[in-house]
Structures are given as structure tokens and as C-alpha cells.
Amino acid sequence: MKSTTRGTIAAVITAVAAATGAAAATPAAALGAVPVPVPLGGAESALGMELPKLGGEIPVPMPGTPEGPRYVEGRLIPEHALPQLPVHGGLPGIGLRAPLPHVLGDGFDHVGVSTPASDLRTLAPGLALDAPLTPPNPDNFGLPDLKAPQAGVLAPVLQTVPGADLVTGAGL
């Protein structure tokens, strides 16, 4: 085996390993969310007491590739005159941990609420049109026939599965 062939195989294996490592990223990075901590440490030390800890995640929406027009037999205008634009992002996430003054008894001195950033898939509204003419009719000397015009609005789509966690415990 030549050294150039070995070098090419090594480059391909390295590229596959890099792609596999990038695919195993953390969920927040894969989702495209930016963490936003709320700094309360200065107020905590100035007041001399434990304050709630607050943070969040703001998603970064990413536009997708719209589905192209599809030509259908019997129509003069493609099926999706104005295609729906897909946008992928997420719902914002938030996390709150607060001290609880032993209301529930010993061992329950903190409460935590978190809503992780969840995946959100959307499709923008689209438009479907058809001309008031049929394709050329051979029985009518190649002239098109008249028909009722058609217009339709493709409804927007929104898909997500949000979730939330509520925990209590000692020193969350």
C-alpha cells in the first residue's frame, strides 16, 4: 500500500472521528441554546443570607430548507406556490433553586424548579394556488378549458414537548 493511500485512509478516519465527536455534543449545544446565569452572589454576600440561584437557557432559532415546489399532473401551477419555511429552535429553559426555611421538616431545606429547554419545530404558513385553466385539451383543439380557481392557505405547524421538574431536598 502506498504512503499516499495510507495518508488518505488516515484523513478519512480522522474526519469520521471528528464528525462522531461533534454529533455527541451536549443537549444544550445540540439544541442551540445559550446559557444565561443570573449573578446573585454579590447580593448574597452583602445581605449575609442565602438567596435563590437562577439561570436560564435562550434558544437560537435556525431556519431550515423549505420543501421545493412539486408539479402535479393536471395543474398548471406547482403544488406549493409559496412553500412553508421550517424553523428549528427550542423553548427557553429556566432553573431556580431557593432556600426553604424547614417548612417541610428536617432534610427539606431547599426547593428547585427547572424547565429544561425543549426542542421546537415549526413550519411557517404557506400558500397553494391553481390557475382557472386546465391543461391543453386535445378534444378542444388544444385549448384549455375553464375551471374554478383554487387558493388555499397551508396552516402553520408547531410541535414541541415541554417538561418541568420540581424537587425538594437538603442543600440542592
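This report describes the fold, sheets, salt bridges and surface of one predicted protein chain.

## Basis of the model

The model is predicted; local features need pLDDT of at least 70, side-chain atom pairs count only at pLDDT 80 or more, and totals for chains, interfaces and linings use all residues. Residues are numbered from 1 along each chain as its sequence is written, and side-chain values use heavy atoms, with hydrogens and water left out.

## Overall make-up

The chain holds 3 helices and 13 strands. Helices (H or I, at least four residues) and strands (E, at least two) are DSSP runs, numbered from the N terminus. Of the 172 residues, 13% are buried. Buried means under 20% relative accessible area, exposed means over 50%, and partly exposed lies in between (1.4 Å probe, protein chains only).

Among contacts with a separation of 6 or more, 64% involve residues 24 or more positions apart. A contact means heavy atoms within 4.5 Å. The accessible surface is about 11800 Å², and carbon and sulfur atoms contribute 69% of that surface. Accessible areas come from the Shrake-Rupley method with a 1.4 Å probe; for residues, only the protein chains shown count as cover.

## The five-strand sheet

Five strands form an open sheet in the order β1-β2-β5-β6-β13, with antiparallel pairing. Two strands pair if DSSP finds at least two bridges between them. The edges are β1 (33-38) and β13 (165-169); each has a single partner strand, so one side of each lacks a neighbour in the sheet. The twist averages 10° from one strand to the next. For such angles, axes are lines fitted to C-alpha atoms, for helices over the stretch in contact, and angles run from 0 to 180 degrees between N-to-C directions.

At the β1 edge, 6 bridges join β1 to β2 (residues 53-59), and the two run antiparallel. A33 sits opposite P59 in β2.

## Strand β8 and its partner

β8 (residues 126-130) has alternating side chains. G126, A128 and D130 point to one face and are buried. L127 and L129 point to the other face and are not buried. β8 pairs with β11 (residues 150-154) in the antiparallel sense, over 5 bridges. G126 has L154 as its bridge partner in β11.

## Salt bridges

The whole structure contains 2 salt bridges. A salt bridge is a side-chain nitrogen of Lys or Arg within 4 Å of a carboxyl oxygen of Asp or Glu. Side chains of opposite charge can pair when their charged atoms come close.

One salt bridge joins K147 and D130, at 2.5 Å from N to O. K147 lies in the loop between β10 and β11 and D130 in strand β8, so the pair ties together parts that are 17 residues apart in sequence. K147 is partly exposed at 26% relative accessibility, whereas D130 is buried at 5%. R70 and E79 also form a salt bridge, at 3.4 Å from N to O. R70 is partly exposed at 39%, and E79 is partly exposed at 28%.

## Surface patch and a loop residue

V38, L54, I94, L96, V113 and L166 make a nonpolar surface patch of about 480 Å². Patches are made of residues with over 30% relative accessible area and no salt bridge; like charges are joined within 9 Å, and nonpolar side chains (Val, Leu, Ile, Met, Phe, Trp, Tyr) within 5 Å. V113 lies in β6 (residues 110-115) and is partly exposed at 38%.

F141 sits in the loop between β9 (133-136) and β10 (144-146). Its phi is near 60°, a positive value in a residue other than glycine. Most residues other than glycine have a negative phi. F141 is exposed, at 79% relative accessibility.
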